[in-house]
Amino acid sequence: MPSSSTPDLPEKAPDESSKLKTFLSILRKFVGVSDIASVRFSLPAQLLEPTPNLEYWNYLDRPETFASIGTSDEPLGRMLEVLRFWFTKDLKYIKGKPCKPYNSTLGEFFRCSWEVESTLPELPVASQGEPVNDTSTMKEDNGKPARVCFLTEQTSHHPPVSAFYIDCPETGVSARGFDQISAKFTGTSIRVTPGQHNLGIFIIISTRDDEEYQLTHPAANLGGLLRGALSISVADTCYIVCPKTGIKVILQYLEEGWISRAQNKVEGLIFRYDPNRDTITRIKDVPEGDILAKISGSWHGQMYYTLTGTREPRLLIDITPLFPISKILPPEETQLSNESRRFWSGVTEAILNKRYSQATKLKVEIEDRQRQKAAERQENNEEWRPRFFTGAVTPLGKPSLSEEGLKALEGIRAQQYQLDESKTKGA
């Protein structure tokens, strides 16, 4: 691990406007490149947030919404719980500014957990005239906090792909998937779409006969490069399906118009579908008789659902008072050399102390070391394999934990973080 000690004096921190101008000048070199994410271009340290990429991508800004999936005895209620999680998973973009974290290195990994004191209120799914559950009470999990565990590893470098696994054993819900993005610079904004191996988030509820939900990601636009204020907008369609219950969701994120000035609006439908003959991709093509509920609202504020047969929208989730929850991390002395926080600690410390030249130097050393290791593997005809997952990618978008991965996950659950450093590879 490179030493972060340096006699360099703190440097003047660039303001946001100058950072964006520099960032924009670098991006202009990639106009016309089909996927700048696969290029993995290196930025100077002063343009980076002191955050590892694997820690940044976790979908668990509000882990209690994840732990609460599966609470309802009704299939429609469980789909609503999945939607509640969906609208809270990326609070970091709503409550904070978009940022560029460190590029992950092959074999780098990150693990953490959250304690959830109680699950959320049940979402009423009764039709008009039927009894409605009281939503003012909280369902307690036998008085014990539930632990949501997260493990992720960079499993491929070309293209850059990371596998992740989320688990809440107390409530019987888990999730997995691959994180990979494709990005194109248009000259005024960056359009970010899921990469070919990123088929969404796959959630399984073990207490509900292993119901599986697939949640696909919409495309997003990173704008504000020219005016010096980064912002994320979404104008795309995404889907959630549960083949076992035969329920599907179409969510349409709406572009802001010159006349309507719709702010971060979403509309959608929850409806019955045939998993074996599913061809419906647009809201307007859903048969009226199959609709179970309508979704409406702002993904920056309040989201509502309106059950078929009723007129009164009911609150699904209010984003306004919510902020990301802090993670529980392994003690520093138990982190391995290729564990994200420890691996990037020298760069992070230098950035926080405004020693940007030193941070860039350390960052370049890390990148050069990765290229050297890759060249050695190629020369020796060695195939790199992940430690915590069984393969770099899978055709179905669902990574599986290896024996080491299962061991690491059990350690997170028990808060016993010791792992064998001799098995560290890649980073």
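In the predicted model, the side chain of Asn 58 reaches the backbone oxygen of Glu 55 at a distance of 3.0 Å. A polar atom of the same Asn 58 side chain also lies 2.7 Å from the backbone nitrogen of Leu 60. Asn 58 itself is placed in the loop that runs between helix 3 (53–56) and helix 4 (63–67), and because its relative accessibility is 3%, this residue counts as buried. A second buried polar side chain is that of Gln 180, which is assigned to this class because its relative accessibility is 8%, under the limit of 20%. Gln 180 occupies the loop between strand 4 (173–179) and strand 5, and a polar atom of its side chain lies 3.3 Å from the backbone nitrogen of Gln 196.

Strand 5, which follows the loop of Gln 180, belongs to an open sheet of four strands that has the order 5-6-9-10 and antiparallel pairing. The edges of this sheet are formed by strand 5 (181–185) and strand 10 (231–233), each of which has a single partner strand, so that one side of each is left without a neighbour in the sheet. When direction is ignored, neighbouring strands of the sheet are turned against each other by 25° on average. At the edge formed by strand 10, the pairing with strand 9 (residues 220–223) is antiparallel and extends over three bridges, and within this part of the structure Gly 223 stands opposite Ser 231 of strand 10.

Further antiparallel pairing involves strands 7, 8 and 11. Strand 7 (residues 201–205) is joined to strand 8 by five bridges, the two strands running antiparallel, and Ile 201 stands opposite Leu 215 in strand 8. The hairpin made by strand 7 and strand 8 has five residues between the strands, and in this hairpin Asp 209 takes a positive phi near 55°. Strand 8 also pairs in the antiparallel sense with strand 11 (residues 237–242), in this case over two bridges, and Gln 214 stands opposite Val 241 in strand 11. In a regular strand the side chains alternate between the two faces of the sheet. Along strand 8 (residues 211–215) such an alternation is found, in that Glu 211, Tyr 213 and Leu 215 point to one face and are buried, whereas Glu 212 and Gln 214 point to the other face and are not buried. Leu 215, the residue opposite Ile 201, is therefore among the side chains on the buried face, as its relative accessible area is under 20%.

Empty space in the model was examined in terms of pockets and cavities. The second largest pocket holds about 540 Å³ of space and is lined by 21 residues, of which His 157, His 158, Gln 370, Arg 371 and Ala 374 lie nearest its centre. Helix 9 (residues 356–379) gives the most to this lining, with eight residues. By class, the lining of the second largest pocket is made up of six nonpolar, eight polar and seven charged residues.

The count of cavities of 30 Å³ or more comes to two, and the second largest cavity contains about 30 Å³ of space. Its lining consists of Phe 110, Arg 111, Leu 329, Pro 330, Gln 335, Glu 339 and Arg 341. Divided by class, these residues of the second largest cavity comprise three nonpolar, one polar and three charged residues.

Note on methods: Residues are numbered from 1 along each chain as its sequence is written. This is a predicted model: local features need pLDDT of at least 70, side-chain atom pairs count only at pLDDT 80 or more; totals for chains, interfaces and linings use all residues. Side-chain values use heavy atoms; hydrogens and water are left out. Two strands pair if DSSP finds at least two bridges between them. Axes are lines fitted to C-alpha atoms, for helices over the stretch in contact, and angles run from 0 to 180 degrees between N-to-C directions. On a 1 Å grid over the protein atoms alone, a cavity is a set of points where a 1.4 Å probe fits but cannot get out, and a pocket is an open set with protein on both sides within 12 Å along at least five of seven lines; lining residues have an atom within 4 Å of a point. Grid points are joined across faces, edges and corners, and a volume is the space filled by probe spheres set on the points. Ala, Val, Leu, Ile, Met, Phe, Trp, Tyr, Cys and Pro count as nonpolar, Asp, Glu, Lys and Arg as charged, and the others, Gly among them, as polar. Buried means under 20% relative accessible area, exposed over 50%, partly exposed in between (1.4 Å probe, protein chains only). A polar contact is a pair of N or O atoms within 3.5 Å; within protein, one must be able to donate a hydrogen and the other to accept it, and residues adjacent in sequence count only if both atoms are side-chain atoms.
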